Amino acid sequence: MTRTVTLVLLDAAGAPLGALPPFDVPTPWWQDIAPVVEAARKRYGVDVQVLRLLGGDDTGTVGGAVTYLGQVNDPPTTPLRPTDPELAADPLRAAYAEPGGPARSLAWATAQLRRLGRPVETVTQQRTWNLSAIWRLDGAGGTAWLKQVPVFFRHEAAVLRWLGRAVPGRTSTLLADDGDGRMLLEHVPGEDRYGAPIEERLAMAADYHPVQVRSVPDVAELVAAGVPDLRAAGLATWIRGHLAAHDTSSVESLLAGLESRLDEVRRCGLPETLVHGDLHPGNVRVCGDQRVVIDWGDAFVGHPAFDVLRLSEGLEHAAAARVLAEWCARWRGSVPGCEPERAVELLRPVAALRLAAVYAMFLAGIEASERVYHATDVDTCLKQAAEHASMAAGLDVASG
């Protein structure tokens, strides 16, 4: 599947120039910008910085026709089609999606690398969407990555600093950050393990357990550094707050009993820890026998079972049961007398409910043209939460 791209261009001062003729790129994912930039350079001799999405076909965010807004320093020689892009300011627009935003961020990143004795020779825009802008910076000193995130992910730098100090080698090395969403990261070799089989997931879970155990005495420090505090009753309040504008009738009883359910989870005896928040295999980068967990923007302080539930998603029942069983055994070894199996089952519907609230937070915090990426996610997760809660209630009735 391919995309057919239209690039609406602004000049260096942010004034509209017009649109390039549509062209195809080989990857379908709308947030994947590198092939868009490369094709614009090869076809039309234009060096463009893509700012943001303007719109696209009703194909979700994969394939079809899609239109982006980009900025150039030198206008192209190719005749441009007249166009009238929406340029009105939006208080929810990410700083990196504003005219001049990428240039300011790259100037910051290249200055930081120069200070470290690593002058930048080539820069490649990799991704831009409502959750991040990512650039690759190469030079004789190696590869680094500029990652810039919106306000609701700005605690990621604090998490990376703690990880680098407490459990070095377990994640990307933070080279610099500006406290406002920009991060400069050392390159991590390897590949992201989307669709990893069961044996790899077992190894990922085993590697990750010491990180969570190590975080137990430092949860107050993490919260003080800005990491969201989703412990116990705070989680219930956070979920309800973010879902207030959505139809939650399908999970009404689950929401009503949330505090009681979380009290039962607390009585299972597991400690609260640093939680990655999105621990699927695609966020684990593997090189040989080295596994590094990346992308900590969803991190929070809360119950460790949320991560293993995410890691076991998409597996056949027997394989998921193996991941969960080994996770439970490790926690029983770390905290004698705890009941991890019960905690997992109590939190299974809450995990889907929390994800619904996460997506609701995204929708409330991003401009309208970017909401297409998450348009169906809240309802999908609410449906999953209702199904898990119903299944659990049925098992309780059967066992009773």
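Colleague: Before we start, what does contact mean here?

Modeller: Contact means heavy atoms within 4.5 Å. Keep in mind that this is a predicted model.

Colleague: Sure. Then which residues does Leu-7 touch, leaving out those up to four places away in sequence?

Modeller: Leu-7 touches Gly-18, Ala-19, Leu-20, Phe-23, Val-36, Ala-40, Val-48, Val-50 and Tyr-68.

Colleague: And which residues touch the most other members in the largest nonpolar core?

Modeller: Leu-7 is one of them, along with Tyr-68, Ile-239 and Leu-353. That core has 107 residues. Helix α11, residues 340–365, gives the largest share of it, with 17 residues.

Colleague: What lies apart from that core?

Modeller: Another core, made of 14 residues. Among them are Ala-94, Trp-108, Leu-137 and Leu-184.

Colleague: Let's zoom out. How many helices and strands does the chain have?

Modeller: There are 12 helices and 15 strands. The C-alpha trace spans about 75 × 50 × 35 Å along its principal axes.

Colleague: What radius of gyration does the chain have, and what would a compact globule have?

Modeller: The chain has 23 Å, and a compact globule with 400 residues would be near 21 Å, so the two agree.

Colleague: What percentage of the residues is buried?

Modeller: Buried residues account for 52% of the 400 in the chain. As for the accessible surface, it comes to about 17,700 Å², and 53% of that belongs to carbon and sulfur atoms.

Colleague: What about contacts between residues at least 6 apart in sequence?

Modeller: Of those, 68% join residues at least 24 apart.

Colleague: New topic: helix α3. Why call it largely enclosed by the rest of the structure?

Modeller: Because 8 of its 11 residues, in the stretch 156–166, are buried. Those are Glu-156, Ala-157, Ala-158, Val-159, Leu-160, Trp-162, Leu-163 and Ala-166.

Colleague: Which elements do the buried residues of α3 pack against?

Modeller: On the strand side, they pack against β8 (142–148), β9 (174–177), β10 (182–186) and β12 (273–275). The helices α4 (198–215) and α5 (219–224) are packing partners too.

Colleague: Over to the loop between β5 and α2. Is Thr-78 buried or exposed?

Modeller: Thr-78, which sits in that loop, counts as buried because its relative accessibility is 18%, and the cut-off for buried is under 20%. Leaving aside neighbours within four places in sequence, Thr-78 is in contact with Leu-20, Pro-21 and Tyr-44.

Colleague: And Pro-75, buried or exposed?

Modeller: Pro-75 is found in the loop between β5 (64–72) and α2 (101–115), but this residue is exposed, with a relative accessible area of 53%. The C-alpha atoms of Pro-75 and Leu-9 are separated by 8.5 Å, with the two residues 66 apart along the chain.

Colleague: What is the phi of Asp-295?

Modeller: Asp-295 has a positive phi of about 60 degrees, although this residue is not a glycine. Its place is the loop between β14 (290–293) and β15 (300–302), and at 34% relative accessibility it counts as partly exposed.

Colleague: Last one, on the surface: which residues make the nonpolar patch of about 350 Å²?

Modeller: Met-1, Trp-29 and Val-62 make that patch. Met-1 belongs to the segment before β1 (3–10) and is exposed, with a relative accessible area of 69%.

Conventions: Residues numbered from 1 in each chain as written. Predicted model: local features only at pLDDT ≥ 70, side-chain atom pairs only at ≥ 80, totals over all residues. Heavy atoms only, no water. Patch = residues over 30% accessible without salt bridge, like charges linked within 9 Å, V, L, I, M, F, W, Y side chains within 5 Å. Areas by Shrake-Rupley, 256 points an atom, 1.4 Å probe, with all protein chains shown as cover. Salt bridge = Lys/Arg side-chain N within 4 Å of Asp/Glu carboxyl O. Helix = DSSP H or I, 4+ residues; strand = E, 2+ residues; numbered from the N terminus. Buried < 20%, exposed > 50% of the residue type's maximum accessible area, 1.4 Å probe, protein only. Core = buried A, V, L, I, M, F, W, Y, C linked by side-chain atoms within 4.5 Å. Rg over C-alpha atoms; globule rule 2.2 N^0.38 Å.
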